Amino acid sequence: MNRATIDAWVGVFVAAGFAALLFLALKVGNLASFSTAETYQVQAKFANIGGLKVRAPIKSAGVVVGRVSEVSFDNESYEALVTLNLDTRFKFPRDTAAKILTSGLLGEQYVGLEAGGDGAMLKQGDRLRLTQSAVVLENLISQFLFSKAAEDKDAKEKK
Amino acid sequence: MAEGGRLRLFERLGAAVTARIWRLGFASRFFGYMLLHSGTALRRFQLTIREIYFAGVLSLIIILVSGLFVGMVLGLQGYETLQRYGSSEALGVLVALSLVRELGPVVAGLLFASRAGSAITAEIGLMKATEQIAAMEMMAVDPIARVVAPRFWAGVVSMPLLAALFSAMGIFGGYLVGVKLIGVDEGAFWSQMQASVDVREDILNGVIKSVVFGIAVTWIAVFEGYDAQPTAEGVSSATTRTVVTSSLAILALDFVLTALMFTGGNAR
Amino acid sequence: MTDSVVEIDRLSFGYDAARPVLRAVSLVMPRGKVVGIMGQSGCGKTTLLRIIGGARQAGSGTARVLGTLVNGLHGSALYALRRKMGMLFQFGALFTDMSVYDNVAFPMREHSDLPEELIRDLVLMKLEAVGLRGASRLTPAELSGGMARRVALARAIALDPQLMLYDEPFTALDPISFAVIARLIRRLNDSLGATSVIVSHDVKECMEIVDYLYFMSDGRVVAEGTPQDMRATAEPFVRQFVRGETDGPIPFHYPAPGYGADLAVARG
């Protein structure tokens, strides 16, 4: 095996390896979309964020317009403080509502934005006033049981 | 009589454990020495290139073929299960994440250990058995710098490339089976995949895993070769030890790395 | 007193305290001479050679090579000393992944910055000295035992060493190769102005080419002198060795209990 052949094959191997990595990063992963876009940050407080994770998508009308960049706990109001990175291409009114929704039945959670009607737009560092927390299954069940019990009680009293 | 037997058992157990710990210490000093004396491997890069050929290029066939088959099986099995919940469009996500996060680095690592790792151990062991290592030392050439270090760095460089190639072939295999054979929607296959596979979280972590595996496997391979008994049985048992120890190391490290990297959690 | 290239003074060595391999041996190898160390397998002669080469550390006593104390010599100081020595291993220990040419060129390429054209001339000169200039393109796998050893000899003299060490150079050679190697050892020693140490148990060939002999048995020097002295000596071990007698100071029977008693036990 002479030197030139070995060098050629090693070159081919390394090139193929890098091509595979590039393929994975671009066609398989999400490198092509998003990471180089310019963003501005706004914050939102939620009573319960459920399973929302950092880097979860922020969607409006079903289109991804940003990513969650930070999740922390506000020790004064005892609420979750979520920092949203929004693409500068998309401007939202100041009274936009943020809801935590689930994609599909068992999917991961994301932040849904519903645009309001205010003339002024959100700027870097603004806070979203209207928020709706994630649906927590236990609360839902207890609500259901409570309302069922109340119904039965009403029905009994009416007799 | 029974007392003595039981005591002997503990004695032997203790001796086996101490022997292994001592050997681990020796292997660590060997590793440190090799890193310090890697200058030759880097300055005379031709040596390392030659070893990349023997470790990496010659492993290409088995890696590519295995990757293809693993991807195809993932496609089949994945579809079977997903279509029961009406989520067959998530096939791309299933195949890609399984490969990039776990199967790529781990299976490629295991294959590399069996093919290249054992070859390296056998080669170095035979050099030791035929006194080539001793001859090199007598000629005032440090065999660790000249023989061991280039092979180590070649392994570390080859492993991530092989893991990436394995994953890429696997995804292609999953695509062949899922889209072309079974008929999952091509657009959904790729778009869902792209939406779910994160470059930093999944791909980068997969690359980090494969680098760690590369270091572990190649370290074990060169050490076992260098420490082999200079006889036929010695070299053969060293080669076996390389494959077994590397495989266990890969699986154990995989657990540790997965736990560190992929624990879902909001506190970052 | 002539200037000695190797001085060994009351050297002792053992792998563990219970089994000493060398017991306070003292030898001297004067410059320009070919010295033979002869004895049974396991008498310690190969170990002595390894100590001279710095591959083993003596337990007590001193070994001085070219004026430098070899005990406790490590790293670059040891390598500096080894550049002045050449060693021929028992079966040649050629590097199997290189051609004959590259094998002989190895020490030159590693230890000098000579341009390739100059190295080419030197390699061909060394191969010519051992009669194998035409075999420079062959690989070690294509060489016979005798040829391999000659190439190894060419490699050992590549840097014109002052001290040549031969570890059982005549093992498993046909009579012609035997004679060739013996003649080469003597001729190279004289033309290089070097000193040679031959460890062997081939009586006839050795005694024809050496200037001085040491006989070792059980880790001790039992006799020394010129070949003529040894042929005429009355020392019983030397007589048994030189004449190849089956019984003498080295008994035929391995120590065992009485024969009659042993058979009686078997039958009973």
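Helix α7 (residues 143-182) of chain B packs against helix α9 (residues 199-226) of chain B at an angle of about 145 degrees, and their axes lie 8 Å apart. Axes here are lines fitted to C-alpha atoms, for helices over the stretch in contact, and angles run from 0 to 180 degrees between N-to-C directions. Helices (H or I, at least four residues) and strands (E, at least two) are DSSP runs, numbered from the N terminus. The crossing of α7(B) past α9(B) is right-handed; a crossing has this label if the near helix is turned clockwise from the far one by less than a right angle, and is left-handed if anticlockwise.

The model is predicted: local features need pLDDT of at least 70, side-chain atom pairs count only at pLDDT 80 or more, and totals for chains, interfaces and linings use all residues. Residues are numbered from 1 along each chain as its sequence is written, and chains are lettered from A and ligands numbered from 1 in the order in which they are written.

Among the residues of α7(B) that meet α9(B) are B:F152, B:G155 and B:M159, and the α9(B) side includes B:G206, B:F213 and B:W219. By class, this contact has 14 nonpolar, seven polar and one charged residues. Ala, Val, Leu, Ile, Met, Phe, Trp, Tyr, Cys and Pro count as nonpolar, Asp, Glu, Lys and Arg as charged, and the others, Gly among them, as polar.

Between chains A and B, 21 residues of chain A are in contact with 26 residues of chain B (C-beta atoms, placed from the backbone, within 7 Å). Helix α1 (residues 3-28) of chain A supplies the largest share of the chain A side, 14 residues. That side has 15 nonpolar, three polar and three charged residues.

Chain A is assigned domain 1 (1-32) and domain 2 (39-134), with bounds from an automatic or database domain assignment. Their centres, taken over C-alpha atoms, are 40 Å apart.

Strands of a sheet pair through backbone hydrogen bonds, either parallel or antiparallel. Two strands pair if DSSP finds at least two bridges between them. Three such pairs are tabulated below.

| Strand pair | Sense | Bridges | Opposite residues |
|---|---|---|---|
| β1 (residues 39-46) and β4 (residues 79-87), chain A | antiparallel | eight bridges | A:F46 and A:A80 |
| β1(A) and β7 (residues 127-128), chain A | parallel | two bridges | A:A44 and A:L128 |
| β4 (residues 60-65) and β5(C), chain C | antiparallel | two bridges | C:V65 and C:T68 |

In chain C, four strands form an open antiparallel sheet in the order β2-β1-β4-β5. Strands β2 (19-30) and β5 (68-69) of chain C each have a single partner strand, so one side of each is left without a neighbour in the sheet.

Terms used: Two residues are in contact if their C-beta atoms, placed from the backbone, lie within 7 Å.
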